[in-house]
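User: Please take a close look at one part of this model, the metal site and its surroundings. I would like a connected account, with the charged pairs elsewhere in the chain for comparison.

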Amino acid sequence: MREELLAFVSKRGTLLEPAAIDYLLSQSDPIGPLDRFLTACREVPFVVTLQDVMRAAEVGRSAVVHAVPTPSPVLSAPGAALMTVTTRPAAPSFRREGESAADQAPDIRILRDITGRSTCEGTLEDFTRYFRNRFETVSRMLRARHEFGGAQDISRARRSTREVRFIGMISDVRNTKNGHRMLELEDETDRINVLVLADSPAAAETFVVDEVVGVIGKVNDRGLVIAESVVRPDVPGRKGFRGTTEHVRAAFLSDVHVGSSTFLDDKWAKLSSWMSGDDEVARSLRYLVVSGDVVDGIGVYPRQDEELAIDDIYAQYEALAKMMAALPDHVSVVMIPGNHDAVRPAEPQPALPPQIQKLFDSNITFAGNPSLVTLHGVKVLAYHGRSMDDFVSTIPGMNYHRPLDAMREMLKMRHLAPIYGGKTPIAPEAEDHLIIEDVPDIFATGHVHSVGVDTYRGVVLVNSSTWQAQTPYQKMRNIEPLPARLPIVDLASGQAVIKEF
Ligand code: D5M
Ligand code: FE
Ligand code: ZN
């Protein structure tokens with residue numbers, strides 16, 4: 001759709017502000033409102049802004065997340081890399097509505113988390129069991145959809161001469177020399193090749209290995225399925241946000257990287273004093289979700305010691321514990337680890353160990369990566385986001401500045417880290433904890449050192465920023481971080497803002 005939108009804009013001889021592109025792509029009909037706006041203009045503007053398109057469509061007021069144009073828009077030529085909105089200042093109503101967090105008792109429950117329940121040893125049997133569990137759990141979700149209630153086994157589908165419907169795990173994806181795509185799918189009974197023709201609607205999607213999908217198609221005389229559609233489990237579309245009655249707020253941060261010589265202590269000092277101050281939004285913060293990479297760690301990458309200001313892992317957590325202790329009492333913290341933290345790197349990662357937890361005060365709840373928790377009854381899925389490295393390197397068009405695109409794909413696939421054998425190490429637990437079984441109200445990630453908020457089918461998406469400046473490694477890889485931005489979500493309405501420090 002993005003290509004269509006950019007082609008349309010280019011044909012009409014104008015440019016679109018990145019925030020306007022993001023906004024239009026989140027609409028069911030991205031081109032309609034733009035077409036109406038341009039038709040109504042006496043002269044085609046040089047750049048169409050977010051405000052233009054929102055005014056034209058008379059929308060935005062009912063959206064769960066209010067989009068606010070960036071103060072100094074970065075222009076992007078059609079086809080250029082796009083940037084997400086990086087700041088959404090709180091509107092006066094958001095300020096006014098906030099409850100005083102100090103008057104609300106915290107209510108945090110951990111619904112799902114690997115901590116203390118890991119059983120795997122990494123044997124071959126463990127892997128077989130892990131992938132069987134993944135296949136069965138996701139295929140159950142697909143079978144709940146009316147199209148796949150009566151899905152066949154692949155071995156039966158192979159022998160059919162009629163329309164077939166089956167579910168399989170993708171074991172191979174390749175492009176054919178004629179520009180079509182060939183998928184190989186397997187279930188417990190057999191494997192089958194599925195051809196997705198370049199001009200079919202399914203060709204717009206990019207499929208990845210190890211995801212579980214449903215196929216509707218016809219088998220040709222050579223035993224090849226010509227796909228009519230390839231269906232993902234996805235999340236059911238929801239209207240509105242099932243929130244709390246009081247306007248309590250949760251803030252999201254990650255990638256603090258305490259101990260790194262590029263940790264931004266001045267920005268953190270600003271955040272900390274704002275949180276403890278009189279600002280209405282600050283006083284409405286009841287929860288703080290910290291999504292991993294809380295310290296920089298030791299030996300995470302070659303020659304990391306040259307970039308450390310604190311070279312002892314305990315001293316790093318002690319410094320963080322002091323920073324957390326300085327936050328006001330009315331903010332209760334949930335903390336999960338990331339790939340820089342002192343737990344096993346394979347996901348799902350357990351919570352930080354007791355000898356580290358004891359450095360912190362009682363205001364912190366430690367949980368694994370990922371974890372499903374409720375805050376005041378609102379379901380929050382927190383995941384550090386390492387698998388985004390695999391999304392970026394596998395799916396054309398994905399990039400580190402658009403983490404929300406990868407998060408949408410995860411929800412469509414109902415899996416946080418579908419690609420096995422890439423950069424994300426996965427532990428073969430008896431149950432696949434990386435499946436998104438319960439649909440959350442809020443889905444939070446970090447890791448890419450960018451920032452963004454949006455909604456997808458009623459789920460509020462939050463990617464939290466970092467408190468670390470660009471590292472030499474990121475500079476080498478052309479990764480421009482967007483540090484010191486704090487997404488804040490109202491747990492009553494799902495409305496999200498991003499405060500910059
Ligand atoms: O990751 C910080 C940023 O660097 C994030 O955008 C991912 C990127 N990164 C980190 N490690 C890798 C590898 N191995 N390949 C590609 N990109 C990577 P952090 O987890 O804070 O180090
Ligand atoms: Fe990080
Ligand atoms: Zn990370």
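Analyst: What follows starts at the metal site, moves to an acidic residue beside it, and ends with the salt bridges.

The model is a predicted one. In it, the zinc ion (ligand 3) is held by four residues, namely Asp 293 through OD, Asn 339 through OD1, His 384 through NE2 and His 447 through ND1, at distances of 2.1 to 2.3 Å. Along the sequence these donors follow the spacing D-x45-N-x44-H-x62-H. Asp 293 also serves as a bridge between the zinc ion (ligand 3) and the iron ion (ligand 2), the two metals lying 3.3 Å apart. Because Asp 293 sits in the loop between strand S10 (285-291) and helix H10 (313-325), while His 447 belongs to the loop between strand S15 (442-445) and strand S16 (452-456), the pair ties together parts that are 154 residues apart in sequence. Asp 293 is buried, with a relative accessible area of 1%, and His 447 is buried as well, at 12%.

Asp 255 is found in the loop between strand S9 (249-253) and helix H8 (265-276). Its contacts beyond the sequence neighbourhood include the zinc donors Asp 293, His 384 and His 447, and among the others are Gly 292, His 449 and Trp 467. A polar atom of the Asp 255 side chain lies 2.8 Å from the backbone nitrogen of His 447. Although Asp 255 is buried, no salt bridge is formed by this residue, and the nearest side chain of opposite charge, that of Arg 386, is 9.9 Å away.

Elsewhere, the structure contains 29 salt bridges. One of them joins the side chains of Arg 158 and Asp 190, at 3.7 Å from N to O; since Arg 158 lies in helix H7 (residues 154-159) and Asp 190 in the loop between strand S5 (181-186) and strand S6 (191-196), this pair links parts 32 residues apart in sequence. Arg 158 is partly exposed, with a relative accessible area of 37%, and Asp 190 is likewise partly exposed, at 26%. Glu 211 and Arg 232 form another salt bridge, at 2.7 Å from N to O, and both of these residues are buried.

In a further pair, Glu 409 and Lys 412 have their closest N and O atoms 3.5 Å apart; the two are 3 residues apart in helix H13 (residues 403-413), and are therefore separated by about one helical turn. Both Glu 409 and Lys 412 are buried. Salt bridges with shared partners also connect Arg 2, Arg 402, Asp 405, Arg 408 and Asp 454 into one network.

Methods. Residues are numbered from 1 along each chain as its sequence is written. Chains are lettered from A and ligands numbered from 1 in the order in which they are written. This is a predicted model: local features need pLDDT of at least 70, side-chain atom pairs count only at pLDDT 80 or more; totals for chains, interfaces and linings use all residues. Side-chain values use heavy atoms; hydrogens and water are left out. Helices (H or I, at least four residues) and strands (E, at least two) are DSSP runs, numbered from the N terminus. Buried means under 20% relative accessible area, exposed over 50%, partly exposed in between (1.4 Å probe, protein chains only). Lys and Arg count as positive and Asp and Glu as negative; His and the chain ends are not counted. A salt bridge is a side-chain nitrogen of Lys or Arg within 4 Å of a carboxyl oxygen of Asp or Glu. A polar contact is a pair of N or O atoms within 3.5 Å; within protein, one must be able to donate a hydrogen and the other to accept it, and residues adjacent in sequence count only if both atoms are side-chain atoms. Contact means heavy atoms within 4.5 Å. Donors are N, O and S atoms within 2.8 Å of the metal (3.2 Å for Na, K and Ca); water is not among the atoms, so sites may look incomplete. Lists of a residue's contacts leave out its neighbours within four places in sequence.
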